[in-house]
Amino acid sequence: MSAEKLAVDVEGLTRTFGDFVAVDHINLAVRQGEIYGFLGPNGAGKSTTIRMLCGLLMPSRGKGTVSGFDIITMSEEIKKNIGYMSQKFSLYDDLTVEENIDFFSGIYNVPASRKRERKAWALSMAGLENKQELVSRTLPGGYKQRLALGCAILHEPPILFLDEPTSGVDPLSRRAFWKLIYEMSQSGTTIFVTTHYMDEADYCDRLALIYRGAIIAEGTPNELRRKYMAREVLEIESDRLGDAMGVLERNGIESAIFGSLLHATVEGGGQAIPRIRELLGGEGIAVNRIERIEPSLEDVFVTLIETS
Amino acid sequence: MKFIRLKAIAKKELLQIIRDPLSLAMGFLMPVLLLFIFGYAISLDVDDLTTIVHDLDRSSLSRELVADLTASRYFKVVRSAGSPREIEEYLDAGRARLGLMIPGDFSRDIRAGRAAQLQVVVDGSDSNTATIALGYIAALSEIYARRISGVPLVPLIEVRPRVWYNPELKSRNFIVPGLIAVIMMVIAALLTSLCIAREWERGTMEQLIATPVTTPELILGKMAPYFLIGFIDMGLSITMATMLFGVPFKGSLFLLGIISAVFLFGGLSFGIIISIVTKSQLVSSQISVVATYLPAFLLSGFMFSISNMARPLQIMTRIVPARYFVAILKGLFLKGSTMRFLIVDATFLLIFAIVTFTVANRKFVKRIG
């Protein structure tokens, strides 16, 4: 990396729990102001990594800095410079919206002169204006999530860590949430976000794919598609998906079911289409439609996992 | 340490207590209820001894003796037996603890100037009560003998007892102050034993330790509202002791306030340590009750005199903080002790408070796992 200061810069970060290696020698370089997505299935090591970066969990091995502070020795300094939102949107559900905001405002030592302004901002961001008397327990998931986000950034931290911020939230709220994240990154905040929703990857400037504790790919969404998808993806529509998949697998063609469709990964799509029609037709499976599609990051991820 | 952060924690904790009926009940109702129940239940006074009388003499003299017995508050004649067999039955059934048999030649012997016999049977299964009952009967017959003989006996030695501090020798006066110390020890530890574990269980701790809050801010902030509750409980207990149980309070309220504050600080810190170590509300509350109640009840000298204990137990009582508070409260209530007499016990409480608070701070790690 150049002289540009990195928001997150870690090397060989490792965490073991007994014999289990949760995170295995990962390197991360997150630039200031970017949205960095950390993608992977449940249990891949996303939360463990984010907790080590936020000073909540001691790494077993590795070194590095967050916001310029050493992750091993200066975790308390790091905590002053980050916002962190854990998976469970850990608000106090027996307190009202306003009491939650006031609490975190006090904890983050927001200066008295900024307090009212920040509270008004958090309320409007969460869409909870004039609802500050509501007890947090009664809020729908999307509001809870935005209130938790508001509480985590009352002190306007330069870096924000979000652990699965959209899990358990309806699609509309998810979209609104990503819009917020985008706006924050536009105003210079670095955002490190984990998710297991592959369709959210395109919101990120750069991505790392983590699988079984190791990073198996990194880059912008487009780079990932180009670099790791030398092969092409064919979308197949058929009434007998399961049988079709079996036929393809037997003939050495990788395939995966996506909803009501089958995605097959092939070399040289042009020649593959007639071959697949022939193979399936030979087994008496009707193909309603088959065409080449732009690979989604989910395709990329599935391919990467199968080849790793 | 930033006061603003401490205040934020304290305010949040207070709001959570106020909204939680269970916390409120534990904070205010439990100490009052415990003091009420134990205050009435525990009494070492021997009053109204159930007595069965079998009068074979049936004379004016024997009736006078029974009348004396009935008039005294120590005896309660439940039955005039028709046969010696009935005395046995009553004692066997536990319907009487004392049987008195006045022989047929009782008045004749007295009139003839001979020593009259009086047979007393006592239920010795409760040896303490039996000893006291026999003493009462001896004293009563002595007074009776002196009166009917009409001769003022001049004893060789006349004992003139004066009982200090608790002139009526009411056991309640001695039990209630110690009871307050025992109850406050349990309540203090129980109150805070939940507060750290609760945050771990609800998942809010993860958010909290990702903030710049420091350990002393967190612990002091969490203790603050419980300190307030503990102080109110102290006030309630003292009020109940004096108003309800009629125990005199002779010492300085100011001194009581200061020493109670030190004691509460230690007790609350002790609960925090348990909460930090267990991270579970259920385990934490159980441990804190057992770890405070048993030693405070048995080894504090509240009921069982420390000087009568075996040597190893006596040494063990040194590390029971309730022991010092029991001594202090008894001193303040009954003797009106001043700081000069309380300083040693108070110093031990201060050491306890400093040690537990330090350990609580050391034990709390702002990390997961």
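In which sense do strand E3 and E4(B) pair, and over how many bridges? Strand E3 (residues 98-102) of chain B and E4(B) pair in the antiparallel sense, over 4 bridges. The legends below describe a predicted model.

**View 1. The open sheet of chain B has 4 strands.** The strand order is E2-E1-E3-E4. Pairing in this sheet is mixed. Strand E2 (75-80) and strand E4 (119-122) of chain B are the edge strands, and each pairs on one side only. On average, neighbouring strands are turned by 25 degrees against each other, direction ignored. Within the E3 and E4(B) pair, B:Met101 stands opposite B:Gln119.

**View 2. Helix H3 of chain B lies across three named strands, E1, E2 and E3.** This helix covers residues 60-71. Strand E1 spans 49-55. The helix runs at about 130 degrees to E2(B).

**View 3. Helix H3 of chain A is largely enclosed.** The helix covers residues 97-107, and 10 of its 11 residues are buried, so the rest of the structure largely encloses H3(A). The buried residues include A:Val97, A:Glu99, A:Asn100, A:Ile101 and A:Asp102. Also buried are A:Phe103, A:Phe104, A:Ser105, A:Gly106 and A:Ile107. What do the buried residues of H3(A) pack against? Their partners are helix H4 (112-125) and helix H5 (141-152) of chain A, together with H1 of chain B. Just after H3(A) comes A:Asn109, with a positive phi of about 55 degrees.

**View 4. Chain A and chain B meet in a contact with 21 residues from each chain.** On the chain B side, helix H1 (3-19) and helix H9 (204-208) each supply at least two residues. H1(B) gives the largest share of that side, 8 residues. By class, the chain B side that touches chain A has 8 nonpolar, 6 polar and 7 charged residues. H1 of chain B also appears in View 3, where the buried residues of H3(A) pack against it.

**View 5. Chain A is assigned two domains, domain 1 (6-226) and domain 2 (230-307).** Their C-alpha centres lie 37 Å apart. Where they meet, 10 residues of domain 1 are in contact with 8 residues of domain 2. Which elements give two or more residues to the domain 1 side? They are strand E9 (206-211), strand E10 (214-219) and helix H7 (221-228) of chain A. H7(A) makes the largest contribution to the domain 1 side, 3 residues. That side divides into 8 nonpolar, no polar and 2 charged residues.

**View 6. The largest nonpolar core holds 147 residues.** Which residues touch the most other members of this core? They are A:Phe161, A:Phe192, B:Ala181, B:Val182 and B:Leu349. Helix H7 (residues 171-193) of chain B gives the most to the core, with 15 residues. Leaving out residues up to four places away in sequence, A:Phe161 touches A:Ile50, A:Leu53, A:Cys54, A:Ile82, A:Gly83, A:Tyr84 and A:Phe192. Another core, of 18 residues, lies apart from this one. Among its members are B:Phe75, B:Ile87, B:Ala133 and B:Ile137.

Conventions
Residues numbered from 1 in each chain as written. Chains lettered and ligands numbered in written order. Predicted model: local features only at pLDDT ≥ 70, side-chain atom pairs only at ≥ 80, totals over all residues. Contact = placed C-beta atoms within 7 Å. Nonpolar A, V, L, I, M, F, W, Y, C, P; charged D, E, K, R; others polar. Domains from an automatic or database assignment. Buried ≥ 20, exposed ≤ 12 C-beta atoms within 10 Å, placed from the backbone. Pairing = 2+ DSSP bridges. Axes fitted to C-alpha atoms, helices over the stretch in contact; angles between N-to-C directions. Core = buried A, V, L, I, M, F, W, Y, C linked by C-beta atoms within 7 Å.
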